[in-house]
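Me: Could you take a close look at the cysteines and at the strands of this model? Please write it as one connected account, and give the cut-off behind each term that you use.

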Amino acid sequence: MGKRIVILTDGSDRHFYFCNRIIEETGNVVGVITGGKEINRPKLEQVRKTASRHVVQTLRQRYYQRRYRTHGVALKNEKRRSEALFFSGSADSFLSDYSDFLLASVTSEFRSINAPYFIETIRRAKPDVIAVMGTCILGRGILDSAPVVLNMHTGLSPYYRGGRTNFWPFVDNNPGYFGVTVHKMSRGIDSGDIVFSERVVPEPGDSYGSINCKSIVAGTRLMIEALKQVEAGTCRALPQWTSGKVFYDRDWTFKAAKMYFENRDRLVQRQLAGEAQGDYTQILTVRNGMVDND
């Protein structure tokens, strides 16, 4: 028996793809907890959280949601179609083949995966490694539950951290920064030492949805490689060398979706031309804790 692995993730097909591949490739998974993105706040707390925002910011967001609703809905549908193409059936496959690995799921009974019940559930499984994809920010209780905690971030750290980070290069009109990162978890947002990172080069006709799906496929492969390095005792990690940009849920508006559609096709074309000219050598990636210059 090798290093014992517990997976913490959410509940969509893309998350179960991550689970299925790690179970199949490592043979060392001892448990899975799903629903990890959920944060179930009491209504009064949610009202206070909303009220704490600047009034102008709140009003602006509401205006954008109405004014650019068509763009926001179109983006969500585009992403949904891409995920169906890449990952459809993964949840059913997990429930059919690997349901015995399911330790627990976060429901409305609990505030989040950081609740004591889940911390104790994880610790009873005695993991040597925790592999994370698509959860809320994890607290110290979970981070202290295994010697190694690795996160798969669908974005290229340290340049783009936080949420929807393969979306924001479109809005920024900033080609070359699509990718995925496997890093050691810290209390910061996607800021831990990097084990692996990889740029994802788009193809003609690609969108945020398809690029993000390709990032998940690549990131799952890199997570499996990182787990094998941990098993062999050869896993290294590189501290992040710049702070980059961090995006929060409050940054997302339907106006950003409008900007995405305005920039999408031209940005993909620009990146393809830049790749042919070798324009992105300044964007560093990491392989087992070492800068990868290839």
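**Cysteines and parallel strands**

Reply: The sulfur of Cys 19 lies 16 Å from the closest cysteine sulfur, that of Cys 136, which is too far for a bond. This is a predicted model, in which local features need pLDDT of at least 70 and side-chain atom pairs count only at pLDDT 80 or more, while totals for chains, interfaces and linings use all residues. Residues are numbered from 1 along each chain as its sequence is written, and side-chain values use heavy atoms, with hydrogens and water left out.

For Cys 235 the closest cysteine sulfur is that of Cys 19, and because the two sulfurs are 20 Å apart, they too are too far from each other for a bond. A search of the whole structure accordingly returns zero disulfides, a disulfide being a pair of cysteine sulfur atoms within 2.5 Å. As for accessibility, Cys 19 counts as buried because its relative accessibility is 0%, whereas Cys 235, at 22%, counts as partly exposed; here buried means under 20% relative accessible area, exposed over 50%, and partly exposed in between, with a 1.4 Å probe and protein chains only.

Turning to the strands, β2 spans residues 29–34, and five of its six residues are buried, so this strand is largely enclosed by the rest of the structure. Helices (H or I, at least four residues) and strands (E, at least two) are DSSP runs numbered from the N terminus, and two strands pair if DSSP finds at least two bridges between them. Strand β1 (residues 5–8) runs parallel to β2 and is joined to it by four bridges, one of the partnerships being that of Leu 8 with Ile 33 in β2. Strand β3 (residues 102–105) also runs parallel to β2, to which three bridges join it, and Val 32 has Leu 102 in β3 as its bridge partner.

Between β1 and β2 comes helix α1 (residues 13–26), and the three elements make a right-handed β-α-β unit. Right-handed means that, with the strands pointing away from the viewer, the path from the first strand over the helix to the second runs clockwise.

Beyond β3, Thr 107 has its place in the loop between β3 and α6 (116–124), where it counts as partly exposed because its relative accessibility is 38%. Although Thr 107 and Gly 36 are 71 residues apart in sequence, their C-alpha atoms are 9.4 Å apart in space.
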